[in-house]
Structure formats: C-alpha cells, structure tokens
Amino acid sequence: MKATRRHFLQAGMAIAATPALGDVGQAADALTLWYRQPAAQWTEALPLGNGRLGAMVFGGPVEDRIQINEATLWGGGVHDYVNPQAHERLARLRALIFAGRVAEAETLSGEMMGLPALLMPYQPFCDLRLTMEGVAAATNYRRSLSLDEAVAAVTFDSNGTQFRREVIVSHPDQVLAVRLTADRGGKQNVSIGLDSPQPNAVAEALGSNGLRLTGQIQPRDNPAGSWSGSWKQAGLRYAAAVQVSADGGSVTLENGAIKVRDADAVVILFSGATSFRSYKDIGGDALRLALASLNRAAEKSYEVLRARHIADHQEIFRRVDLNLGPGTGASYPTDVRIAAAKTSDDPALAALYFQFGRYLLIASSRPGGQPANLQGIWNERLLPPWGSKWTTNINLQMNYWLAESGGLWETLQPLWDLVSDLRETGAETARVHYGARGWVLHHNTDLWRATTPVDGAWGHWPMGAVWLGNQMWDHYRFSLDERFLRDRAYPAMRGAVEFVLDTLVEAPAGTPFAGKLVTNPSFSPENSYFLNGQKASLTYAASMDLELIGELLDSFVQASRKLESDAQLRDAALTAKNRLPPLQIGSRGQLQEWIEDYPEVEPEHRHVSHLWALYPGHGISPERTPGLAAAARRTLELRGDGGTGWAKAWKIALWARLLDGDHAHLMLRGQLADSTLPNMFDTHPPFQIDGNFGAAAAIAEMLLQSDDDVVSLLPALPSAWPQGRVRGLRARGGLKVDMEWAHGKLVHAALSSDVARKVIVRNRGRSAELSLSTGKILRLDANLSPAA
Ligand code: FUC
C-alpha cells in the first residue's frame, strides 16, 4: 500500500491472519474501488446498502447526488393474479402440444396468463442533493468505495482546503449518514435538498434543521414492451426524513433546502420507509417509521454510527479472503483496470470482482427484507429494465449461488421468506390454473408475489418452485442446518413435489417416449425451436424440466426419509422418478435441449437451461456421468462464449464443473472486459446484478467444488492463477476451507466442519478419506496428508 493513499484507508490490514495458513492478509487497497473523477452516469456511481435502503453515490465535488432506493417501494398494489379461466383450457393446451400444433397452443396459452399478464416494477425513491458553496475547481480528486468497510468516500482539494465526504448506509441503525469534514475549520458551506422522481412527492421542512419527503405511488399506464404492468389505484405510501447537524457555523432552512454555513464538519442523517407490511398489507405508517429510525440514529454520534456499521459489515464480509496473485494492481483506478481487462489479464481484478459480489449481496439482502432483485436494490428509473423484478427462470436463483460458497448465509433469509409467501400465492395458482396440490411459480414474481404465467407463451414455465426447492435442499447440504431443513426447505420441497406429481402426464402413443411421465406445458427458458419449419416455444418434457424434477424427487426422498415423514408421497415420488424419460444426446453430440432433437431458433442463445444438471444441479458430472458431461461440453461449444453478463457468469461455472479452468478463466476475462460497467456492476446490457453474483460464485466454483461426501480442492484452477490463497470458502457438508497454492499446485489446505464427519478430499488425482471433528481445524499438506 502506498503511503500517499494511506490517509484514505483507515482500516489498516483488512483481513485477519488465518491460523491455518499464516498471514494471508491483504492490504485494504486490494478491497477498494476508486476513481479520479465523479460519476458522470448512474452506472459509474458507487453502491451502498443495508438490504433495505440502497444508495448510489455520484461524488461530484460541487454538486453531489446520492440516489436512494427503498426495497419495498414498488408499483401496483396488493393483488391476486390468478386467472379462473386457465384450468378449463389446460387439457386442450396439452393436447395441442402433444399433437405438435404448437402455434395454436401458444395462442391458447395467451388466454391462460395471469390477470394482468404483466407484473409491477420496482421503483426509485428519492435523491439527496448536496451543493457545496465556495468550492471552486477541485484538485487531487478521489472517489472510493471500501468493500471492507462499506464506506464510500470523496476527497478533493479546493482553495487550499482538503475536503472529505463519506457516506454509509447502516444496517444496525437503519439510516444513511453523510459526514463532511475538512482539514481546516469553518469551510463547510453546503445546501442540502431532497427530491424524488415520483410524480406527487412533496418535500417540506422538518423542524428547524431537517426535511421530509412524503408521497404515494400514483396510478400509471406503462407502455407495452416495458415489461411492467399498468395500475389504476394509488399504491404504497413512502416517507423520507433528513436531519442535519453541524460542528460550528449555522444550520438554517431556506426555500425548501437546508443551508449550512461556515461549519467545521457536518453530519446528514437520512432515513426512509414505505407503508409495506406484507404482500397482503400496505397499511403501515411510512412517516412514523422513517422518523423513528431517524430519531434513534440521531442519538448517536457519527463516529458511533460509523463504528457500529463497520463492525456489522465486517462480521459478514471478512469471513472470506481471496488472493489470486498480483494484477495490474490497485495503483490504477478501477475504471482504468476494467478498461484494460480487454487487453491484459489482471488476477487481482478478478479477486476484487469476487469480493464486490459478496459486498453487493450483503448490501442488498439482509434478514427481514426483500431478496436482491434484478438490480439488487439499486434503481433510478420509474420504468427499469424488465421492471427490476425477480425473474425466476435463472436470475433470482443466480443471485444467491454466491451466498453458499461465499459464506453469506444470512443474506439467504429474504429468499426463504419470499418462498414462504410464494407457497401461499403459488398454492392458489396451482389449484386454480392446474387443479393441482402444492405450489407453483412461473418465470417472474414481484412484491405482490405473483406466481401465474405472465409476459407471453414463454411465461408458461411452471418450474420456478421446483428450482427453488432444489436450491433449498442445496442450502441444507451446505449448512447441514436441520432446523432449516425441517421448517423451511422440506415444506417447500414437499409442495413442489405435490405439484409435480399432480401435473406430470403420460406421454401419449405416437410420441417418442409414450407411456413415460412428462411435463406439459413445458418450455426451455428462453430458447425456441423449429417444429416443421415453424418457430415454437411451448413443448413437453424440455430437458431442464426432467433435470429439475429428477433432482427434486431424489432429494425429497432423502429428506422425507431423514425426517421420517410422508411415506406415501415418498413412494409416489420414487415411482414417478423412475418413469421420467432419460436425457438425450443429439445428432451433434450435444445434450439435447428438448425431448426431440429439434433445431434451435437461436443456436447461440444466452440461456443454457438444459445444462442445469451440470450447474447448479448435480445430475451431470465428468466423473459420474462422463457421457452426459461430454455432451454438455459439446453444448457449451455450440452455444459459444458470448451472451449477456449473467449468461457468461453461468457458463464460467459450467466450465468449472467440467474441470476446464482455462476455459472458465477465458470466459471470466470476457466477463470483466465486456460485461462490466465502470462501477463494476454487471451489464446484461443494461445493468443487471445477477452477473455480478453469478460470476463471483463461479470464481469460487473454480477453486472449490463439493457434493455431500467429496470436496475437490482447486478442481478448475486456471494456469493464469499459478499462485494464490483463499480463506473461509464454504463447501457442502458444513465445511469451511482454506487453501494456498503456488506453481499451480496446492501447497496446503485447512478444513473445518460444523459437525463431526468423514470427508473425501480430492486434488489433482489424489484422494484421501479424512475424519473431521467438530470445531477442529484439519491441516493438510500438498499430498493431502494431515500436516503438523
Ligand atoms: C430473462 C433473460 C433476459 C433478462 C431477463 C431479466 O428473460 O432471458 O436476458 O435477464 O430475464
């Protein structure tokens, strides 16, 4: 770390030394995004968040904008999307699909959509504006985001004074706080305002040193193609409150803005809330909630708020430490490094990207809140891309892959809470649309917990609950958390199994798998195929369905045995499992995307749904199913290395599971060079956060893979990362893993487990069966032998 930057970074050593590997500390610089200019656009601003409040800091020295979100501020209102006319059309829909009359089926599917057939968009909240008076041309400008402290800072010199501005969004104190300081007294002259892009928001004075902004979501007609529905009634109420205090000088209210004059230092506290209580109740008192957290926070000094915020963040963030070897290095601004990624490899940038993913998940998903949506919690637009909702045919699930290996289990809580809600609305949709037990989820949901098909024929994909059921089982496999299994995972899995058993149908005579159990309607997100020269989306038994259902039935059988419950349903699950058609290998040696070897409409389509079983599923692996793994590899080759940000992220993980670290790394370079914005947000394009989370999870997958009994160390280590170390990665079976490697080879590792157990450890063809006792660290040498 260069001494010149030391004063920006009060953290000192970011990472505590690990007992297993000696000092693997990284300088705090390696965990900082920094820039030499303010953000000119939103995708250059720096994100902060506490899972509920999100902030994007632009950092202009004279005029600063802090764009703010609240995770429960959405369009629309309490709403039930079920379509009572869907079920009576189901038999006909199935018959048309089996008969190959897919165009007619897709027209009919239009009559079976949710009401309405478009979901509601996530909304921007408000903007805190700072105007510095008497600040002329700024020099020595620097804007930064410390991932280790979750503090955004701006420093610059003006007229011989060095100014510093920092911003935090605190989880423990539920406020955003801005602190303005300078190296000389009496220099803070600043005007502070609050406004909102919401049409009827009203800003008013709050006491003698504050502002409040209140309003209610107004009815709106949204254009077709915005992937956002329209609504006719006013919706959620919202309220923001600001309080300003200054050391020295004066604070007054003038023309709707707060004026600070000649102060030594300033603290601005912001809090905000909506009237959201649950997807069924929006009768909360937003203003009372906003004022309550503002007043509680105002009792603490900024130093105390800051210290509590950093301690809270670091308790989670510091669980994992990653070093992938030297890169271009932190001596260059982050945007320069991202631009340079097109031409040169920067392993330290990959490590920063991994930690940025972890940072973003902590900032956008905390217990009691909403799960991270397509943009986490950051959105400045009334009509954000795809409504900034939760897309559940890959994107929402991808958001949480990193939570497992990255040791961020509390961030999963909002996802499990969402599932609890969706089990309620999804049971209604299962009953009304399919005449089925259990619960169903189609390809999107919103704050109102839609579970019906929406958007178009491709929305007729009833597999969302099945995927989430698998993801919950996987969390159990990582955590071995018996209570989670019993209370949360198992009921969700059971409901998904019931839905599956009630909706699988026998493939009729004349189809290739007549007599087998298949899904219908079915869709392979989000590719289409040619059937007799016609473009078609809907189908029966898409490969992804068979993979999702096969694994869910298997894990349900295991879970129900373990919990000694539902013996009958278990038998039915076993019987159904054995009647599913097998996965097929197609004429090009590829894993078939559909039950028949149809030509794809887009051979290089961004989705790789049929590779689900390779990752994040477990049904395909080079070791256990070499034939299918080879076919999956061929599929990846045929699909190519392009795609949206999230598509690349998924493919990195898939190449890692194929144990091809160099190909995974090649694609990671593509992610950094072509799908990463200056503020390190993933771009679809446009900005979509799933790629951040997915690619970070994929980096972990390159370094560590696991199933219930086997853990593979450095299974897909690319030659570009010959040396490195990692501390605190999580593996299935309650394992925590530290590793250090050099010259491309493991030097040593340390494993610990939350429960006493046996584990098979693998590395480069070596394999060792080892016993772990609770709370003890097992150190291994390069040969996987216990080390002294
Ligand atoms: C799915 C993807 C798109 C995008 C959207 C939010 O429809 O196919 O690429 O990610 O979700």
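The protein has 18 helices and 31 strands. Its radius of gyration is 27 Å, close to the 28 Å that the globule rule gives for 788 residues, so the protein is as compact as a globular protein of that length. The model is a predicted one. Along the principal axes, the C-alpha trace spans about 85 × 70 × 50 Å.

**Ligand site**

- The ligand is surrounded by L374, W386, T391, N395, E526, R606, H607, W646, H684 and Q688.
- Sorted by class, this shell holds 3 nonpolar, 5 polar and 2 charged residues.
- N395 places a polar side-chain atom 3.1 Å from an oxygen atom of the ligand.
- In the side chain of W646, an N or O atom is 2.9 Å from an oxygen atom of the ligand.
- The side chain of Q688 likewise has an N or O atom 2.9 Å from an oxygen atom of the ligand.
- On its own the ligand has 290 Å² of accessible area, and the protein covers 96% of it.
- With a cut-off of 3.5 Å between N or O atoms for a polar contact, the pair distances for N395, W646 and Q688 can be read against that limit.

**Seven-stranded sheet**

- An open sheet is built from 7 strands in the order 2-3-4-5-10-15-14, with antiparallel pairing.
- Strand 2 (46–49) and strand 14 (250–254) are at the edges; each has a single partner strand, so one side of each is left without a neighbour in the sheet.
- On average, neighbouring strands of this sheet are turned by 20° against each other, direction ignored.
- Within the order given above, strand 5 is followed by strand 10; strand 5 (residues 126–132) and strand 10 (residues 188–195) pair in the antiparallel sense over 6 bridges.
- R129 has G193 in strand 10 as its bridge partner.
- Strands of a sheet pair through backbone hydrogen bonds, in either a parallel or an antiparallel way.

**Strands 12, 13 and 16**

- Strand 13 (residues 237–247) pairs with strand 12 (residues 210–216) in the antiparallel sense, over 7 bridges.
- For R212, the bridge partner in strand 13 is A241.
- Strand 13 is also joined to strand 16 (residues 265–274), by 10 bridges, and these two strands run antiparallel.
- In that pairing, S245 stands opposite V267 of strand 16.
- Strand 13 thus pairs with strand 12 and with strand 16.

Conventions
Residues numbered from 1 in each chain as written. Predicted model: local features only at pLDDT ≥ 70, side-chain atom pairs only at ≥ 80, totals over all residues. Heavy atoms only, no water. Near = heavy atom within 4 Å. Polar contact = N/O pair within 3.5 Å; in protein donor to acceptor, adjacent residues only side chain to side chain. Areas by Shrake-Rupley, 256 points an atom, 1.4 Å probe, with all protein chains shown as cover. Nonpolar A, V, L, I, M, F, W, Y, C, P; charged D, E, K, R; others polar. Pairing = 2+ DSSP bridges. Helix = DSSP H or I, 4+ residues; strand = E, 2+ residues; numbered from the N terminus. Axes fitted to C-alpha atoms, helices over the stretch in contact; angles between N-to-C directions. Rg over C-alpha atoms; globule rule 2.2 N^0.38 Å.
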